[in-house]
Amino acid sequence: MRMRPTLSWTPGADLPPGTTDLAPVADALRAGGVLVLSGAGISTESGIPDYRGEGGSLSRHTPMTYQDFTAHPEARRRYWARSHLGWRTFGRARPNAGHRSVAAFGRYGLLTGVITQNVDGLHQAAGSEGVVELHGSLDRVVCLSCGVLSPRRELARRLEEANAGFSPVAAGINPDGDADLTDEQVGDFRVVPCTVCGGVLKPDVVFFGENVPPRRVEHCRELVRGASSLLVLGSSLTVMSGLRFVRQAAEAGKPVLIVNRDATRGDRLAVTRVALPLGPALTTVADRLGLRVGDAATA
């Protein structure tokens, strides 16, 4: 499956309006068998901006594409300089009430699984188990030549050594961990190769224009088939990688419920879209169900 490099989507005027009624979400969770699909919006309360919401990073930043990264050494230099700086902030982010609520739903047996479009690892840090990272994770690095995986912290150490004193001030941090730097700030940043074969290193994430591994896609499809309903949290569903699972659920007659402050590309397929901030909304739902969100891990 190839991610379409769709960076924007304009909602039509005929979309159903959002609501503030959380009852359908609470009812679906009470019935159990819910599959969660989360996007960047669930992590904004942890200090990681989303792409398309109010103040989203697409207003100032175009995400790296797979084609540019693999074809151009200068693109890789810019990416790793920006990502190396962004990682220092990104790696310090902690789960928020939304992540902890999802972990509580899982711990109390209300979920069949969690699929996340995010690469920040915050669901796992909050205590969710078996999370499917649809677009990979920034805490791993892969060699494009030999395929060896290595920890991001090890690459961060090597980049620190190769670029002593590199500490520009970024204009902002993006959902992919990329910091906003000018070409002058990037300067002559040095990229390091794979320690095994000398090949090109890439974060183990799916860039725009890259293929999501087919086995991962099929695993997600299977999770949709086994779920009673699909709960979308903080995703505009602009890219097909997430929207396809909403379409699959709707076509199978499974209720789709969305919690997202702004309109989404899946609104016409949903039984409801709750236009509320995720942390307070999910905490309220947990309270209604008598669940203790604070039990979730926060490491």
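1. Ala103 is buried in this predicted model, its relative accessible area being 4%, and the residue belongs to helix H4. Its C-alpha atom is separated by 9.4 Å from that of Val114, which lies eleven residues away along the chain. Since the cut-off for burial is a relative accessible area under 20%, the assignment of Ala103 as buried follows from its value of 4%.

2. Helix H4 itself, which spans residues 97–107, contributes a run of buried positions, namely Gly98, His99, Ser101, Val102, Ala103, Ala104 and Phe105. The partners against which these buried residues pack are helix H1 (23–31), strand E2 (111–116), helix H5 (122–126), strand E7 (229–233) and helix H10 (278–288). An α-helix has 3.6 residues a turn, so residues three or four places apart point the same way. In H4, however, the buried set includes the consecutive residues Ser101, Val102, Ala103, Ala104 and Phe105, and the packing partners comprise helices as well as strands.

3. The two ends of H4 can be described separately. At the N-terminal end the helix is capped by Asn96, a side-chain oxygen of which lies 2.7 Å from the backbone nitrogen of Gly98. After the helix comes Gly109, whose phi is positive, near 80°.

4. Ser101, another residue of H4, is buried with a relative accessible area of 0%. Once its neighbours within four places in sequence are left aside, Ser101 is in contact with Leu282, Thr283 and Val293. H10 covers residues 278–288 and is one of the elements against which the buried residues of H4 pack. A further link between these two helices is given by Pro280, which is found in H10: its C-alpha atom and that of Gly98 are 182 residues apart along the chain but separated by 7.5 Å. Pro280 counts as partly exposed, at 46% relative accessibility, whereas Gly98 is buried.

5. Ser38, in strand E1 (residues 34–38), is buried with a relative accessible area of 0%. Its side chain makes a polar contact, at 2.8 Å, with the side chain of His123. When residues up to four places away in sequence are not counted, Ser38 touches Ile115, Thr116, Gln117, Asn118, His123 and Leu233. Strand E2 (111–116), helix H5 (122–126) and strand E7 (229–233) are also among the elements that pack against the buried residues of H4.

6. Leu237 deserves a check of its backbone, as this residue has a positive phi of about 60° although it is not a glycine. Most residues other than glycine have a negative phi, and most peptide bonds are trans. The residue is found in the loop between E7 and helix H9 (240–251), and at 1% relative accessibility Leu237 counts as buried.

7. Helix H9 contains Ala249, which is buried with a relative accessible area of 1%. Leaving aside neighbours within four places in sequence, the contacts of Ala249 are with Val224, Leu230, Lys254 and Val256. Ala249 and Ser228 are 21 residues apart in sequence, and their C-alpha atoms are 9.0 Å apart in space.

8. Leu138, in strand E4 (residues 136–143), is likewise a buried residue, its relative accessible area being 2%. Beyond its neighbours within four places in sequence, Leu138 is in contact with Tyr79, Trp87, Phe90, Val119, Arg152, Asp176, Gly177, Pro203 and Val205. By contrast with these contacts, the C-alpha atoms of Leu138 and Ala26, which are 112 residues apart along the chain, are separated by 32 Å.

9. As for the overall form, the protein has ten helices and nine strands, and its C-alpha atoms fill a box of roughly 55 × 40 × 35 Å along the principal axes. Because a compact globule of 299 residues would have a radius of gyration near 19 Å, the value of 19 Å for the protein agrees with that expectation. Of the 299 residues, 54% count as buried. Among contacts between residues at least 6 apart in sequence, 76% join residues at least 24 apart.

10. The accessible surface of the protein comes to about 13100 Å², and 49% of this belongs to carbon and sulfur atoms. Regarding charge, the protein has 34 positive and 30 negative charges, the mean positions of which are 3 Å apart.

Technical notes:
Residues are numbered from 1 along each chain as its sequence is written. This is a predicted model: local features need pLDDT of at least 70, side-chain atom pairs count only at pLDDT 80 or more; totals for chains, interfaces and linings use all residues. Side-chain values use heavy atoms; hydrogens and water are left out. Buried means under 20% relative accessible area, exposed over 50%, partly exposed in between (1.4 Å probe, protein chains only). Helices (H or I, at least four residues) and strands (E, at least two) are DSSP runs, numbered from the N terminus. Contact means heavy atoms within 4.5 Å. A polar contact is a pair of N or O atoms within 3.5 Å; within protein, one must be able to donate a hydrogen and the other to accept it, and residues adjacent in sequence count only if both atoms are side-chain atoms. The radius of gyration is taken over C-alpha atoms; the globule rule is 2.2 Å times the number of residues to the power 0.38. Accessible areas come from the Shrake-Rupley method with a 1.4 Å probe; for residues, only the protein chains shown count as cover. Lys and Arg count as positive and Asp and Glu as negative; His and the chain ends are not counted. The place of a charge is taken as NZ of Lys, CZ of Arg, CG of Asp or CD of Glu.
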